[in-house]
Amino acid sequence: MEKIIIFDTTLRDGEQAPGASLSSAEKLEIAHALSSLGIDVIEAGFPVSSPGELESVRQIAKSVKGRIICGLARAVKADIEAAARALKPAKHPRIHVFLATSKIHMQYKLKKAEDEILRLAVEGVRMARQHCADVEFSPEDASRTEREFLFKVVESVIKAGASTVNIPDTVGYTEPGEYAGLIRAIKENVPNINKAVISVHCHNDLGLAVANSLAAVKNGARQVECTVNGIGERAGNASLEEIVMNIRTRRDLFSEVDTNIDAKQIYKASRLVSKLTGFAVAPNKAIVGANAFRHESGIHQDGILKERSTYEIIRPEDVGFTGTGIVLGRHSGRHALSDRLKELGFKLSDSELDKVNSRFKALADKKKHIFDDDIISLVEDEIKLVKPLWKLVDFSIHSGTSVMPSAEVVLKYKNKIMPGKSTGDGPVDACFKAIDKITGVKCELQDYRIEAVTKGKDALGEVALKLKAKGKVVTARGSSTDVVESSVRAYINALNKIETI
Ligand code: KIV
Ligand code: ZN
């Protein structure tokens with residue numbers, strides 16, 4: 001069985017998605033989740049892009065062990081040196097050098113001829129090799145590059161020391177038959193190709209990123225670059241969960257390959273990335289969407305009851321989707337909660353478990369049935385890497401069709417109790433304005449979304465919002481059975497993030 005190396009770029013290409021802005025602490029949290037998912041290579045960022053980005057890659061390189069940690073660099077000295085600096089603490093560092101090779105990019109973006117590009121690519125790889133034994137090279141826009149030139153570039157960078165050559169479909173333009181042909185052609189026309197791993201990196205502009213990646217795997221690619229939930233530039237990148245589960249589910253078609261991924265952790269990783277980036281997962285999203293394992297029509301439900309395989313090609317539990325099962329209630333103790341948390345893949349310290357347990361008890365008083373998603377949401381809400389400078393003590397609202405909505409909020413800041421009052425367009429707006437009065441921080445609410453985490457009238461409502469203050473934009477979430485409380489918690493979480501990052 002040959003291994004397909006899974007190269008995750010959620011923290012680099014994924015984070016380039018418009019609107020995504022992760023703090024260093026959040027990136028570190030995601031990197032640890034990727035590591036326990038079994039990702040082989042974690043592309044942690046683009047170190048030269050800012051000092052904060054460099055430091056965030058360095059943190060990941062320092063604390064995520066047992067995985068290859070990769071940093072992106074253009075084929076220029078400053079980028080390569082920044083990547084090398086960021087990756088210094090890593091046991092297994094990789095520098096990923098890229099340079100565009102298509103006519104369009106060379107002519108309009110780089111304003112350089114083929115000879116010059118070839119020289120820079122080789123020099124870039126050589127320079128990276130001086131810092132690191134593991135170097136990957138990407139001829140950006142490879143799928144639109146003249147084939148003969150692409151072969152020459154690939155051969156030359158391998159000679160210069162690249163051990164992985166990535167063939168990006170940068171603008172999501174190719175289609176499976178064409179891309180498969182390109183991978184075959186590279187194998188047939190690049191004499192030293194057996195000295196390197198062929199990698200693929202597909203964007204989803206035409207909805208073909210996963211199909212293209214899989215076609216490449218069938219034709220010899222042995223590394224796939226992808227992101228959790230398929231997030232990324234424009235329409236995103238190939239989705240990690242879809243790549244992995246295609247290979248697992250269609251053993252008949254992929255009998256010679258497999259990945260190291262622990263698929264049971266997929267759902268948890270998906271939720272974490274969605275929560276921290278603020279990008280909701282579409283309900284019909286393959287593998288991780290809320291409806292991916294729901295059967296609505298009577299005929300389907302009947303089939304499922306008789307034999308699950310009639311309408312289910314993946315068992316939800318195989319991707320860690322425990323979905324709608326009722327697991328705990330008011331009578332469940334700390335021990336049962338702790339067991340369930342372990343089954344869901346959370347490793348909490350005693351004090352973290354205490355915090356989650358007291359929120360769980362409060363929730364169980366309000367809500368008869370507690371679902372796995374309720375518990376996940378509580379953990380995500382309670383165990384944060386952000387310092388809780390501002391804490392919610394209490395709030396009350398007055399609202400109705402004939403009164404001006406008003407709110408009274410009480411916050412705690414460094415042991416000081418601080419109350420505030422305001423009116424607003426609605427009870428949520430009144431609460432936010434009251435919080436602004438208390439904190440004195442000028443905030444701009446840029447996005448606000450609310451969704452039910454679980455089913456039933458007593459479902460947890462989760463609020464995701466984006467807040468701008470002190471020149472920073474952050475996303476944050478809050479959850480409760482009361483949507484005003486979810487909103488207040490999300491707003492306070494966002495403020496704490498702004499104060500911490
Ligand atoms: O899409 C792309 O070409 C990239 C490269 C940097 C690999 O993200
Ligand atoms: Zn990309």
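Domain bounds here come from an automatic or database domain assignment. On that basis the protein is divided into domain 1 (3-277), domain 2 (291-321), domain 3 (326-382) and domain 4 (390-500). The model is predicted, and local features need pLDDT of at least 70, side-chain atom pairs count only at pLDDT 80 or more, and totals for chains, interfaces and linings use all residues. Residues are numbered from 1 along each chain as its sequence is written, and side-chain values use heavy atoms, with hydrogens and water left out.

The largest nonpolar core, a set of buried (under 20% relative accessible area, 1.4 Å probe, protein chains only) Ala, Val, Leu, Ile, Met, Phe, Trp, Tyr and Cys residues joined through side-chain atoms within 4.5 Å, has 97 residues. Those with the most contacts inside this core are Ile6, Ile69, Ile95, Phe137, Ile167, Ile186 and Ile266. Because domain 1 and domain 2 both give residues to this core, it lies between them. Apart from it lies another core, of 29 residues, including Ala434, Ile435, Val484 and Tyr491.

Domain 1 also meets domain 3. Their C-alpha centres lie 37 Å apart, and five residues of domain 1 are in contact (heavy atoms within 4.5 Å) with seven residues of domain 3. About 550 Å² is buried between the two domains, counted as accessible area (1.4 Å probe) lost on being put together and summed over both; carbon and sulfur atoms give 46% of it. On the side of domain 1, Lys268, Arg271 and Lys275 lose the most area to domain 3, together 81% of what that side buries. Between domain 1 and domain 3 there are zero salt bridges (a side-chain nitrogen of Lys or Arg within 4 Å of a carboxyl oxygen of Asp or Glu).

Key. Chains are lettered from A and ligands numbered from 1 in the order in which they are written. Buried means under 20% relative accessible area, exposed over 50%, partly exposed in between (1.4 Å probe, protein chains only).
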